[in-house]
Amino acid sequence: MTGKRALVLGGGGVTGIAWEAGILHGLAERGADLSDADLFVGTSAGSVVATQLAGGVPLTDLYAGQLLPPDGEIPARLTTWMVVRYALSYVMPGSAAEKRARLGRAALKARTPSEDSRLEVFRSRLSIQDWPDRELKVTAVDAADGKFVAFDRDSGVPLVRAVASSCAVPLVWPPVTIDGHRYMDGGMRSVANVDLAAGYSKVVVVAPLTRSASPAATPQAQAAKLGVPSIVVSPDKTALAAIGTNLLDPARRKPAAEAGYAQAASVAEAVRQVWN
């Protein structure tokens, strides 16, 4: 799509939402306003940010919201056992979809908060409840068969359920029911799913996480394969320290957002060269 630009936002928990909001706000102040993208691709945490931006929420508001005290928010954690369970699912034989389905079966059996309680979180978290007019793709994975999906406004899926499913971290949060299927975190296929921006002439990827079970699924590898001007922005050392080791801890939200805002100064020129 000649002249069309795509913004791809990757997963990274509540701290990932905060860091993305910070760096996007900082970039906009430095002449690289990525909120005017023609396509938004959101995976997990990135689906929350992408949905807000596609719906017209100002970056100033998005950033300010991440600085508020996390009153009433319940922290969660990926335990060592969960991380081992993830690894085992991907090292065992099978296709990529079969490996995701193996993890999906574990997610369906896991003891988690109720699906209704998680949906209520997203109803309150999202400033918009209906699909925006601008192009938005929200990624998820069918927990039963490992099939990857990218929901959009033509999918007939309620926006809140689409975003909640994209953020349904296996073993931590419950898979989300959509048309009789249960869906989990889109990051189980790729932390950013950059390949969904194929056909766009310029691509900026903002990815709190960059590692992947498959080298071909990293944001850098997927962006390079697009063959168009692109850049992958990920947290620097200072931002990583601010984010901390628990990506699901709301108490780390404010420092993560501030670190992203500060980091924007060091990457703004490179982003402008791609975007403008």
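How many of the eight residues of strand β3 are buried? Six of them are, so to speak, under cover, and this strand (residues 135-142) counts as mostly covered. Keep in mind that this is a predicted model.

**Around β3**

Let's start with who pairs with β3. The table lists its partner strands, with the number of bridges and the direction of each pairing.

| Partner of β3 | Residues | Bridges | Direction |
|---|---|---|---|
| β2 | 39-42 | four bridges | parallel |
| β4 | 148-151 | four bridges | antiparallel |
| β6 | 181-185 | three bridges | antiparallel |

If you want to find these pairings on screen, a few residue pairs make handy landmarks. On the β2 side, Phe40 has Leu136 of β3 as its bridge partner. Towards β4, look for Thr139, which stands opposite Ala150. For β6, the pair to pick out is Asp142 and Tyr183, which stand opposite each other.

β3 and β4 also form a hairpin, with five residues between the strands. In that hairpin, Gly146 takes a positive phi near 75°.

**Helix α8 and its two faces**

Now over to α8, which spans residues 219-226. Which of its residues are buried? They are Pro219, Gln222, Ala223 and Leu226. These four sit on the same side of α8 because they cover an arc of only 100° around the axis. That fits a general pattern: an α-helix has 3.6 residues a turn, so residues three or four places apart point the same way.

What do the buried residues of α8 pack against? Their packing partners are β7 (202-206) and β8 (230-233). Turn to the face away from the buried side and you'll meet Ala224 and Lys225, both exposed. Just after the helix comes Gly227, with a positive phi of about 70°.

**The nonpolar cores**

As a rule, nonpolar side chains in soluble globular proteins tend to be buried together. Here, the largest nonpolar core holds 58 residues, and Leu7 and Leu24 are the ones that touch the most other members. Helix α10 (residues 253-275) supplies the largest share of this core, nine residues.

Leu24 is worth a click. Setting aside neighbours within four places in sequence, Leu24 is in contact with Leu7, Leu9, Leu34, Val49, Leu53, Leu59 and Val206. Apart from the largest core lies another one, of 31 residues, including Val41, Ala107, Leu171 and Ala223. You've already met Ala223 as one of the buried residues of α8.

Key. Residues are numbered from 1 along each chain as its sequence is written. This is a predicted model: local features need pLDDT of at least 70, side-chain atom pairs count only at pLDDT 80 or more; totals for chains, interfaces and linings use all residues. Side-chain values use heavy atoms; hydrogens and water are left out. Buried means under 20% relative accessible area, exposed over 50%, partly exposed in between (1.4 Å probe, protein chains only). Helices (H or I, at least four residues) and strands (E, at least two) are DSSP runs, numbered from the N terminus. The arc is that of the directions from the helix axis to the C-beta atoms. Contact means heavy atoms within 4.5 Å. Two strands pair if DSSP finds at least two bridges between them. A nonpolar core is a set of buried Ala, Val, Leu, Ile, Met, Phe, Trp, Tyr and Cys residues joined through side-chain atoms within 4.5 Å.
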